[in-house]
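Q: Could you take me through the salt bridges in this model? I would like a close look at the partners and where they sit.

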Amino acid sequence: MIWFPMLLLVAGAHGGLRVTPARPHEAHAKPRPSQDGAHRARHFAASALAGAAGVTLLAPVEVIRISLMVNTDHSLRDAMKALSSQGGWFRGNTADTLAAALKVGVTMPAYAFFKQALTHAARRNGPLQDDHTTPRWATFAAGALAGAVATAVTFPLDVVRTRLAMACPVDMNIATCMILISEEEGKRALYRGLSATLAGVLPFSSIKLATYDILRRGATAGVDDSSQSLSVAQSALFGALAGSVAATSCFPLEVIRRRQMMGGFAGLSTFAATSAIIKAEGVSVLFNGVGLNIVKVAMSNSIGFAFYELAKDVLQVEGRTPPWKTKSVSLACSKA
């Protein structure tokens, strides 16, 4: 199960995955629009809407996943029973939605910015093999940097989301829970687990965004231009593959992060916390809920990237043609 998405990714990278080629009127990269404030606002809005939609649709799966991570003696059936009796299927979803909207809203524009900046830096150091293509190393580096920036901005909300899902009273809101944590445990508690989070986010974001970028480039006839649109099916498939590959690589760090957010292993480094967990509970505990996590991440990224690409089309980010105009263009071409 874990290796299947990787095999699909390899096949896609070498041309084995069949994708729809770029339409004739999109065969060449469009000139990039000026990166003014209005464009940046539209890009942020498209990204935030995609993040909010993804987590809201999958909120029950996320609550069960976190429950399995922090309650190691629970089976899947136990977790579902407990949540049903407590009415907690959407506990913490407001905080989750807000955190995801902000995180994705920051991540995707930041990824575009870092890709462009690193490509320019690479060009200054010498000619590239293809002037229209971002170097492969730059896509991975940009993904890591974008993930780090977004995580630093949204981490307190992520802590509150975890507490609302598992510990704080059901009727408590985001602000009250954040104040309660600060008063009882100190403000530093809102950043507990940040080092483990960054250690996990850097490779996860790098692998996920670079993988999606590689698959996307293959679908647009090798043109590295985000102004070209993808079909909903393509963006959903590529998002699921990218998320699955990244999730299988970084799951143990996610378990450690959640444990530290819940107050466990406080004051320990990521390495020390990992050693302590393995010594006390065994290596297998680092993979509690991994199967559900792969399903959740694949579904989340499938929905997220599909909404992201569609929202960019609708909001005409990066000079894209909105769906209703694309249809008119296609009809005109067919009549001609």
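**Salt bridges around helix α8**

A: Happy to! Let us start with an acidic residue: Asp213 is buried, with a relative accessible area of 8% (buried means under 20% relative accessible area, exposed over 50%, partly exposed in between, with a 1.4 Å probe and protein chains only). This is a predicted model, in which local features need pLDDT of at least 70 and side-chain atom pairs count only at pLDDT 80 or more, while totals for chains, interfaces and linings use all residues. Residues are numbered from 1 along each chain as its sequence is written, and side-chain values use heavy atoms, with hydrogens and water left out.

Asp213 forms a salt bridge with Lys115, with 2.8 Å between the closest N and O atoms (a side-chain nitrogen of Lys or Arg within 4 Å of a carboxyl oxygen of Asp or Glu). Lys115 belongs to helix α5 (residues 93-124) and Asp213 to helix α8 (residues 194-219), so their pairing ties together parts 98 residues apart in sequence. Helices here are DSSP runs (H or I, at least four residues), numbered from the N terminus. Lys115 is buried too, at 12%.

Arg217 also forms a salt bridge with Asp213, at 3.2 Å between the closest N and O atoms. Both residues lie in helix α8, 4 residues apart, or about one turn of the helix. Arg217 is buried, with a relative accessible area of 11%.

Elsewhere, Glu309 and Arg320 meet in a salt bridge of 2.7 Å, N to O. Salt bridges with shared partners join these two with Arg216 and Asp313 into one network. Glu309 and Arg320 are both buried. In total, the structure holds 8 salt bridges.

Notes. Helices (H or I, at least four residues) and strands (E, at least two) are DSSP runs, numbered from the N terminus.
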